[in-house]
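Student: Could we go through this model together, a question at a time? I'd like to start with how the chains meet and then move inward.

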Amino acid sequence: MAVDENKRFIVLRVLNIPGVMERISSIFARRGINIDTITVGVINGKTSQISLTFNLPEDKFENIVKVLEKNPCILEVKIGSLESDVIREAFVAVLRDCDTNVSDYIRIRYRARTTLLSESKLLVELLADPRVVNEFKEEFTDRIESFSRSGVMIHTLNHYRKLKA
Amino acid sequence: MVSGAKLLVDKLRENGVKTIFGIPGGAVLPFFDELYKAEDIEFILARHEQGAAHMADGYARATGRAGVVVTTSGPGATNLATGVANAYLDSSPVISISGQVSTSLIGYDAFQEANIFSMMIGLTKMNFLPRNLDELSSAIENAFKIALSGRPGPVHIDIPRDVQLMEGEPMNNIFSYSYNPPVPSDEEIFLVSRILADAERPVILAGGGVIMSGASSELIAFAELLNAPVVTTLMGKGSIPEDHPLSLGCVGMHGKLGAIKAVQESDVLLAVGTRFSDRTTGKLSGFAPRAKKIHVDIDRSEIGKLLKPDIGIVGDAKHVLSRIYSNLLKMVQKGKAGRWGERLKQLKKESEFLYDYDAVPVKPSTVVKVLNDYVAPGDFVTTEVGQCQMYASLHFLAKRPRQFISSGGLGTMGFGLPAAIGVKAAFREQRVFDIAGDGSFFMTCNQLPVSVDYELPIIVVVLNNYFLGMVRQWQELFYGRRYMAVDLKGKADIARVSEGFGAKGFKATRISELKEVLQIAIKQNETTVIDVVVEREDNVFPMIPPAATLDEVIVRR
């Protein structure tokens, strides 16, 4: 699969206090960087994890990582990569003009969960690499009636890479 | 059981706060009621919150301790913005506190409610909006740690009125900020030492970080060992005594000629505690073009942000300089390193100015030159912003760190006068001078009564050219002398305005008069404003035109 060199994936471990999201998004906003996707989950009462994706050339990426690292409400910054980490996005869609053949194809080809909502309407629930989500969207663009996507969740495997080395 | 307001006062006291600047108001009254009982904490009532923040900033810069400002919600807090932003750009540890409407009213457009939390995000190192006693306790504890550790900076706490009134037993369990100073490896230090030992024309560029880390004596020993000239940024002015044989003064848009040339001729540039502001470097691609560049800074994100150094070292200036120094001791003989030789004396000579003590109207540069004789090494000089600031930078010789206090990054006109009051509040035995222009003076002269009321006498020397001088200079040089919106006419009488505020006001039109008045001001030890009428269209030179390299320096009209 093609890799966009400027596509960035980072995971932040942050304090679970009000205003943290605004503090982080303002770092991006004042530099004119658009955040493509953002997902947040509580890790424990005191900390949360934020996955962010955005586009930025290499020479500017280094500085923004350092700026994030020094922010008192950010406890850890990890950089993710499509090649070596688990990067997933949840995608839910309702497709029209589907029969059981289409449903079977989607289940096998995309490893998605499918539920027939009526004779021709199919609910698809997919958890996949965001590039696979895009492929699905493209393949079924004529049939997609509505869809939602969660934004990208990044699970870094740096720890295991180090163990292996 | 303790109330939020009492907790705040107790925590401020625990953190060594003896002076608070600010203005009260509805949303912060519970705190002031508690402060009423605290006899060991002095409150200095400002006349506008921006000035109060500058006072806290001046206090912080002069002492190295946190300066504290307290205001009410809404307009009280929005007025803080300029002062807090000023502290942020110059890495000054200001703790700013504002009252906020009660938590149940936040977001409902209550009287004097503004979204201060969001406003402060971009202007502070960190900010808090505590909603209960645990969060309040943790916010104050962490605020001081965050403001003072690593690269210092302002922290804001927005405290709702009901949180000030809440009673309970707070627990410090929200989070605890910890900071571990970065320590460079032996290899990095050795590598840099080797490069410096082998340098023929090394130059040290000292920024505000040298002053904040208390690394002045290390810097001087270092420079003397290497026989390397030291140039400074505006924020680094005073990191080496400017009458030291190796000091060449400030470099930058209005730097000294010798300093500018030294940087351009250097083969190794060691920059310590500086962020390579455009006002320091001119066009970056032409800055020290032949030099191998070593950048030392405690803030990791400054390394490579603008200038891409050959070697970047993340660390505290004092720590790094002393470690390189120990290495260098084994590599070079004191004073024998490098090949600056006679060139150094030439560079110093090139920076010399000719002062005309008899000219009428007087030259602003001569006023600042004369002022040097009245400023003792223990005294302080603050400045406003614009031409007056650059005359001060060029002609005032700072003798020690923290003596020269100026708004560098934000360039806030009106900073110097309230900052001088803040400095004086910390050092009552020392004299504090503010070198001002008439444009800046009128931005915060409403704070003069604070100096009078609290017996914090300062001496304001206004270089009065009845112009917004720096804007006029740019319009002259780069906009075909089309003067637009810069003429201040001069109908307002600065001396009489000052008298009206309860200060002593004088007007001087000759250097001889200025000297007489300065002597009176020093003897009387009262808040004094000296309106010095200077040549209207004098320009600050040298000047690097905007977006030009240091080599394109202009020295005359």
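**Chains, domains and a sheet**

Tutor: Here 16 residues of chain A are in contact with 15 residues of chain B, where contact means that C-beta atoms, placed from the backbone, lie within 7 Å. This is a predicted model, where local features need pLDDT of at least 70, side-chain atom pairs count only at pLDDT 80 or more, and totals for chains, interfaces and linings use all residues. Residues are numbered from 1 along each chain as its sequence is written, while chains are lettered from A and ligands numbered from 1 in the order in which they are written.

Student: Which element gives the largest share of the side of chain A that touches chain B?

Tutor: Helices here are DSSP runs of H or I with at least four residues, strands are E runs of at least two, and both are numbered from the N terminus. Helix H1 (20-29) and helix H2 (58-70) of chain A each supply at least two residues of that side. The largest share, six residues, comes from H2(A).

Student: And how many residues of that side of chain A are charged?

Tutor: Ala, Val, Leu, Ile, Met, Phe, Trp, Tyr, Cys and Pro count as nonpolar, Asp, Glu, Lys and Arg as charged, and the others, Gly among them, as polar. The side of chain A that touches chain B has five nonpolar and three polar residues, and the charged ones number eight.

Student: On to chain B: which helix gives the most to the side of domain 2 that touches domain 3?

Tutor: An automatic or database assignment sets the bounds, with domain 1 at 2-168, domain 2 at 186-350 and domain 3 at 364-552 of chain B. The contact takes 24 residues from domain 2 of chain B and 23 residues from domain 3 of chain B. With four residues, the top contributor on the domain 2 side is helix H12 (residues 257-265) of chain B.

Student: Which strands sit at the edges of the open sheet in chain B?

Tutor: Strands pair if DSSP finds at least two bridges between them. The six strands run in the order S3-S2-S4-S5-S7-S6 (chain B), with parallel pairing. Pairing on one side only marks the edge strands, S3 (42-45) and S6 (126-128) of chain B.

Student: What angle does helix H3 of chain B make with S4(B)?

Tutor: Axes are lines fitted to C-alpha atoms, for helices over the stretch in contact, and angles run from 0 to 180 degrees between N-to-C directions. Helix H3 (residues 49-63) lies across S2, S3, S4 and S5 of chain B. Its angle to S4(B) is about 165°.

Definitions and conventions:
Two residues are in contact if their C-beta atoms, placed from the backbone, lie within 7 Å.
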